[in-house]
Amino acid sequence: MKKTGASEGPPASELISEKIASLGDWRGATLARMRKLIHDADPQVVEEWKWMGTPVWSHDGILCTGESYKSAVKLTFAKGASLADPTGLFNASLDGNMRRAIDIHEGEEVAAAAFKALIRAAIAHNEESKARSAKSPKKAAKP
């Protein structure tokens, strides 16, 4: 059985664009807007396509995913529970120890400045986590 490599198939950015176009309604427009805000906040963001069709934005680790449902576009921040959210954008998945999400319903609009600040906070958190793990001594394997 042949394993498929990450480089096979269309680039993630193309798959995300196709996903947005396929939605064809307010959900596509909302996901496109949020994608643009992510890129505005972090021009070096990496787009990925994971879990059989989920757009993922990363910078030194996952920042957030973008899922679309019948009544909402959900942006799930992988480490959202560790992020300050002074404007209260997180409105879903509030009970967990790791993730937090923003559910956007038809007719709703997320404040651009607040969302970009949240993206930048997620980047800073990932960078700090990466720096901490690089500094911590590796545990020696037991014989």
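Tutor: Before we start, contact here means heavy atoms within 4.5 Å. Please also keep in mind that this is a predicted model.

Student: Which elements are included in what covers the buried residues of H1?
Tutor: Helix H1 runs over residues 12-23, and its buried residues are Ala12, Leu15, Ile16, Ile20 and Leu23. Seen down the axis of H1, these buried residues fall within an arc of 140°, so they line one face of the helix. The cover over them includes helix H2, strand S1 (46-50), S2 and S3.

Student: Which residues are exposed on the other side of H1?
Tutor: Exposed means over 50% relative accessible area, and buried means under 20%. The buried residues of H1 include Leu15 and Leu23, whereas the exposed ones on the other side of the helix are Ala21 and Ser22.

Student: How many Å apart are the end C-alpha atoms of H1, and why does that agree with the span its residues should have?
Tutor: The helix has 12 residues, and because the expected span is 1.5 Å times one less than that number, H1 should span 16 Å. The value computed between its end C-alpha atoms agrees with this expectation, at 17 Å.

Student: Why does lysine 19 count as partly exposed, and at what relative accessibility?
Tutor: Lysine 19 has its place in helix H1 and, leaving out residues up to four places away in sequence, touches Trp49, Gly53 and Ser68. Partly exposed covers the range between under 20% and over 50%, so lysine 19 belongs to that class with its relative accessibility of 25%.

Student: How far apart in space are lysine 19 and threonine 54, C-alpha to C-alpha?
Tutor: In sequence, lysine 19 and threonine 54 are 35 residues apart. In space, the separation of the two residues, taken from C-alpha to C-alpha, is 9.1 Å.

Student: Is arginine 35 buried or exposed, and what is its relative accessible area?
Tutor: Arginine 35 is placed in helix H2, and beyond its neighbours within four places in sequence it is in contact with Ser13, Ile16, Ser17, Ile20, Glu47 and Trp57. Since buried means under 20% relative accessible area, arginine 35 is classed as buried, with a value of 14%.

Student: With which residue do the side chains of aspartate 40 meet in a salt bridge?
Tutor: The structure holds seven salt bridges, and the one made by aspartate 40 has an N to O distance of 3.0 Å. The two partners are four residues apart in helix H2 (residues 26-41), which means that about one helical turn separates them. Aspartate 40 is partly exposed at 35% relative accessibility, while its partner, at 52%, counts as exposed; that partner is lysine 36.

Student: How many residues apart in sequence are the parts that aspartate 60 and lysine 130 tie together?
Tutor: The side chains of aspartate 60 and lysine 130 meet in a salt bridge at 3.2 Å, N to O. Aspartate 60 lies in the loop between strand S2 (54-58) and strand S3 (62-68), whereas lysine 130 lies in helix H3 (residues 112-135), so the pair ties together separate parts of the sequence. Both residues are partly exposed, with relative accessible areas of 35% for aspartate 60 and 48% for lysine 130. The sequence separation of the parts they tie together is 70 residues.

Student: With which residue does aspartate 25 form a salt bridge?
Tutor: The closest N and O atoms of this pair are 3.2 Å apart. Aspartate 25 counts as partly exposed at 31% relative accessibility, whereas its partner counts as buried at 16%. The partner is arginine 27.

Conventions. Residues numbered from 1 in each chain as written. Predicted model: local features only at pLDDT ≥ 70, side-chain atom pairs only at ≥ 80, totals over all residues. Heavy atoms only, no water. Helix = DSSP H or I, 4+ residues; strand = E, 2+ residues; numbered from the N terminus. Buried < 20%, exposed > 50% of the residue type's maximum accessible area, 1.4 Å probe, protein only. Salt bridge = Lys/Arg side-chain N within 4 Å of Asp/Glu carboxyl O. Arc of directions from axis to C-beta.
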